[in-house]
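User: I would like a close look at one part of this protein, followed by an account of how the rest of the chain is put together.

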Amino acid sequence: MKRLNNLYYSKRIKELLAELQTAGTTLVVAPMGYGKTLAVQYFLQEQERCGKRVLRQSIYGAGAEAFWQGVCHSWRGTELGAALLQQSLPADANAKTLVLELFRQLLPQEPVYWFIDDLHLLESSEAIDFLFALSKAGFADLHLLLVSRGQIFDGSRLLELGSKVFCLDKHDLALQRDELAEYSSRCGLQLTSQQLDALHEACEGWFSVTYLNFLNYDRYQRFCLDTGSVYEMIANVLLRPLPSEQQRLLLLMGQPEEFTPEQVAYAYGTSCRESVGRLLECNAFIIRLANGRLRCHHMLKQATRHAFGLLPEAEQQMYFRRLGQWYAQQKEYEEALDWLYRGRDFDGLLAAVQQLRDWSMHPQHRQHLFDWLCECPPEILWQYPQAVLIIMRRMFSLNMVPEMLQVKEWYVTALERNTALSQRERDNYYGELEVILSFLAFNSITGMSEHHRRAYKLLSGAPQTLSKQGIWTFGAPSVLGLYLRTGCSLRQTVEDMQECMPPYYLLSGWHGAGAAELTEAEALLLQGRIDEMDMPLQKAYYQAEKHGQECITICCDFLEMQRNLFRGVYSSKAEAYSRHQWQLQPWKQSMLLNSADMCAGFYYALLGKPEYIPSWLTDGNGQQPSVLYPARPCRNYISAQCLLAQGQYTELLVRWSDWEQECRPYSNFLCLLYLQVQRAAAFAGRGDVTSCRASLKQALAMAEADKLVLPLAQNIALLRPYLEQEAQGEYSAAAAAALHLGQQMEAGRGQIMSARFAEAGLQELTEQELQIAQLAAARHTNREIAQRLSLSEGTIKQYLNKIFAKLQIDAAAKNKRHQLERFFSNS
């Protein structure tokens with residue numbers, strides 16, 4: 001009796017697969033048709049029989065988003081899965097840290113085998129980076145099984161993983177001569193030694209081609225040893241010999257990534273359960289998955305899709321339409337969309353869209369989003385205003401603003417033509433439209449507020465287009481960095497925020513709570529009115545914490561860190577931020593970790609401790625952590641300050657033009673001011689007097705009207721002599737105020753350095769340096785020290801410069817020896 005569809009695993013293969021039980025990560029890499037997936041599935045079925053937990057994920061597309069949806073789906077039903085749903089695929093170091101921490105804390109306390117198949121289809125470097133990071137972390141109970149036709153990790157990464165990774169390749173999986181003989185015997189074929197030799201030589205152990213030859217031999221008593229294409233071989237052996245009905249059914253099986261017998265029968269249009277069953281029984285290229293669905297092997301899928309494409313277009317559309325209707329009936333609306341579009345069923349497509357209020361959207365939908373509406377007959381479009389609204393929301397998130405504005409006109413027409421709507425429904429739709437259009441007015445506070453007020457009057461409930469959980473600041477640590485648009489507008493911006501935020505709070509359920517008070521506190525800090533900012537800052541803290549707005553709390557901390565520099569108080573929050581100690585658990589959003597890094601980086605740059613600055617803030621060639629586009633100007637001026645602290649003046653000037661351009665789209669005036677000041681400071685650091693004066697004059701002109709002296713004061717170490725000259729010139733008031741505020745900051749910074757870092761700094765001194773430092777602190781002159789130690793005066797001066805650097809004493813400060821004296825009194 002022939003048993004051609006029986007799977008075969010030799011003793012050698014079984015011994016290799018047993019190694020997977022102890023491996024943290026297993027890489028199975030071989031060309032198509034070598035039985036990679038079947039071998040791993042065999043191993044996993046054995047683990048499931050032993051009660052082990054098994055997760056399976058298949059890659060169906062190239063995009064990062066689809067991959068991450070698959071990750072979340074794999075872990076569904078677990079505490080870890082619920083946490084991963086709140087994240088996106090980690091694209092930077094902070095995001096990876098957060099996701100790996102979630103794995104560490106929430107992994108089930110039992111062995112878990114996580115199988116990810118067809119990684120060769122994945123074109124996302126972020127996804128591969130994530131899998132590498134997960135492999136490198138080496139969680140004891142997690143076993144990753146990664147299968148691909150091509151290389152997954154490069155040589156350097158494999159070397160880095162070392163014993164944490166176990167590799168199988170095509171040589172391990174290929175059938176050997178004796179295994180081929182045993183396989184043919186188990187299938188019930190009686191082959192001669194010469195036939196086995198010829199088959200093994202022609203197929204080279206290629207499992208799928210061996211199987212196709214067995215089928216062909218059983219039917220025609222001959223092998224296909226000289227076939228030019230495995231796809232042609234599949235067509236000749238598996239497709240063309242079938243009756244017409246079974247051919248169509250097999251073609252339909254090859255269209256979806258996964259399918260059920262009922263789905264195929266529905267798409268075919270008649271009762272054909274027996275035919276479907278016979279196909280499944282006699283075709284080993286159709287794989288039964290753990291979720292109960294079926295899937296065609298890639299080789300069979302490609303062959304059937306090619307044959308399907310030769311059918312008349314009207315027939316193809318009919319099948320596509322039925323597949324889409326099947327998914328819609330199963331409430332798998334996202335899966336239904338493309339099939340309904342390909343089947344030209346726009347009524348069904350828009351009905352499906354209306355079910356997707358929280359639509360995450362597959363990457364391929366972006367390509368067709370506008371086409372759906374352009375090609376939809378107007379009389380159908382007008383019946384679905386809610387679907388048009390949902391598509392508009394997605395267009396804005398995908399930065400499809402021109403298309404979005406065109407769709408707006410269709411949306412209004414759809415509302416006007418739809419006579420079935422009540423006035424309340426119509427008002428709600430118009431209110432949702434106002435919320436969407438408000439984003440187009442960013443960063444005009446009053447412009448956005450006009451839309452918000454109109455929306456509030458029209459809506460009968462909370463808008464669906466806003467979420468209180470969204471990051472109101474887009475990841476920026478400064479509200480005025482986002483919303484101060486021009487010079488001479490600081491007071492008006494504060495008043496506008498105080499007037500416009502309360503209506504927005506009512507509309508959004510207190511999204512961004514505390515922003516109005518925070519804006520006032522930041523304005524006072526920028527003007528150097530340090531003691532006046534305490535009350536609005538505490539009000540902002542209270543509102544943000546009361547309503548769970550962590551992004552506003554971070555902005556409050558950013559102001560507090562800067563304020564405390566003037567008061568000589570070390571910020572323990574900056575230390576916690578830089579180490580990610582306390583914010584990881586409550587925040588759960590990697591973008592907020594990047595915001596925390598920006599706060600800590602800026603603080604330590606001002607404090608003069610560049611070794612504590614997160615490296616990504618100054619690494620121009622590295623992977624930039626994610627902040628949303630509106631927050632990038634804030635990130636840029638913080639990076640510039642960090643470069644100044646590191647003495648990388650040339651690097652700052654090289655990047656400056658790009659940073660300056662990123663401030664233009666939304667008119668980020670405060671960020672432009674910071675960059676102009678930092679440019680002047682970089683020129684000063686390089687000794688370019690002419691360029692420094694020119695840039696400083698521009699900065700003073702920008703700062704003078706609103707008295708925005710803080711950026712100048714924060715760069716006093718490099719700009720002091722130039723500000724002293726400008727204090728006698730055109731911008732004397734701004735320059736004098738910056739000098740006065742800068743001296744306050746230097747004094748506060750000196751107190752922090754003395755109190756916090758004195759002991760560590762003194763321990764870095766050599767015995768000779770310590771002796772010189774003690775004499776200098778006792779107010780001995782360089783000449784007196786030189787005479788006492790039998791050294792030259794120039795040598796003493798060089799020693800003192802090294803001492804000041806090690807003790808973080810500003811080389812430009814006039815009271816260096818006084819600070820040195822404090823070091824010894826505090827240590």
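User: Is Glu-110 buried, partly exposed or exposed, and what is its relative accessible area?

Analyst: In this predicted model, Glu-110 has a relative accessible area of 26%, and because the partly exposed class runs between 20% and 50%, Glu-110 counts as partly exposed. Its side chain meets that of Arg-53 in a salt bridge, with a distance of 3.2 Å from N to O. The two residues come from distant parts of the chain, 57 residues apart: Arg-53 belongs to strand 2 (residues 53-58), whereas Glu-110 sits in the loop between helix 5 (93-106) and strand 3 (112-117). Arg-53, with a relative accessible area of 30%, is likewise partly exposed. As a general point, side chains of opposite charge can pair when their charged atoms come close.

The Arg-53 and Glu-110 pair belongs to a wider set, since a search of the whole structure finds 32 salt bridges. One of a more local kind joins Glu-495 to Arg-491, where the closest N and O atoms are 3.8 Å apart. Both of these residues lie in helix 27 (residues 490-508), and because they are four residues apart there, about one helical turn separates them. Glu-495 is partly exposed at 37% relative accessibility, and Arg-491 is also partly exposed, at 45%. Another salt bridge brings together the side chains of Glu-611 and Lys-609, at 3.0 Å from N to O. Here the two partners fall into separate classes of accessibility: Glu-611 is partly exposed, with a relative accessible area of 46%, while Lys-609 counts as buried at 7%. Salt bridges also link Asp-531, Asp-534, Arg-563 and Arg-567 into a network.

Arg-563 and Arg-567 of that network fall within the range of helix 30 (residues 550-567), which packs with helix 33 (residues 590-607) at an angle of about 5°, the axes being 10 Å apart. Since angles under 35 degrees count as roughly parallel, helix 30 is roughly parallel to helix 33. On the side of helix 30, the contact is made by Glu-550, Cys-551, Ile-554, Phe-558, Met-561, Gln-562 and Leu-565, and these meet Leu-592, Ser-595, Met-598, Cys-599, Phe-602, Tyr-603, Leu-606 and Leu-607 of helix 33. Sorted by character, the residues of this contact divide into 12 nonpolar, two polar and one charged.

Aromatic rings supply another set of contacts, with 29 aromatic pairs in the structure. In one of them, the rings of Trp-68 and Phe-130 have centres 5.5 Å apart and planes at 75°, so the pair is edge-to-face. Trp-68 lies in helix 3 (residues 64-74) and Phe-130 in helix 6 (residues 125-137), so this pair ties together parts of the chain that are 62 residues apart in sequence. Both Trp-68 and Phe-130 are buried. They are also members of one aromatic cluster, which is formed by Phe-67, Trp-68, Trp-75, Phe-103, Trp-114, Phe-130 and Phe-139.

Two single positions add to this picture of the chain. Leu-719, in helix 39 (residues 716-726), has 0% relative accessibility and therefore counts as buried. Leaving aside residues up to four places away in sequence, Leu-719 touches Val-677, Ala-680, Ala-681, Ala-684, Cys-692, Leu-696 and Leu-712. From C-alpha to C-alpha, Leu-719 is 9.6 Å from Gln-678 in space, although their positions lie 41 residues apart in sequence numbering. Gly-162, by contrast, is placed in the loop between helix 7 (155-161) and strand 5 (165-168), and at 37% relative accessibility it counts as partly exposed. Gly-162 and Lys-136 are 26 residues apart in sequence, and their C-alpha atoms are 9.3 Å apart.

Taken over the protein, the secondary structure comes to 44 helices and seven strands. The C-alpha atoms fill a box of roughly 105 × 80 × 45 Å along the principal axes, and buried residues make up 54% of the 827 residues. Among contacts between residues at least 6 apart in sequence, 70% join residues at least 24 apart. The salt bridge with which this account began, between Arg-53 and Glu-110, also links distant parts of the chain.

Note on methods:
Residues are numbered from 1 along each chain as its sequence is written. Side-chain values use heavy atoms; hydrogens and water are left out. Axes are lines fitted to C-alpha atoms, for helices over the stretch in contact, and angles run from 0 to 180 degrees between N-to-C directions. Angles under 35 degrees count as roughly parallel, over 145 as roughly antiparallel, 65 to 115 as roughly perpendicular and the rest as oblique. Contact means heavy atoms within 4.5 Å. Ala, Val, Leu, Ile, Met, Phe, Trp, Tyr, Cys and Pro count as nonpolar, Asp, Glu, Lys and Arg as charged, and the others, Gly among them, as polar. Buried means under 20% relative accessible area, exposed over 50%, partly exposed in between (1.4 Å probe, protein chains only). A salt bridge is a side-chain nitrogen of Lys or Arg within 4 Å of a carboxyl oxygen of Asp or Glu. Rings of Phe, Tyr and Trp (its six-membered ring) pair if their centres lie within 6.5 Å; planes under 30 degrees apart count as stacked, over 60 as edge-to-face and the rest as tilted.
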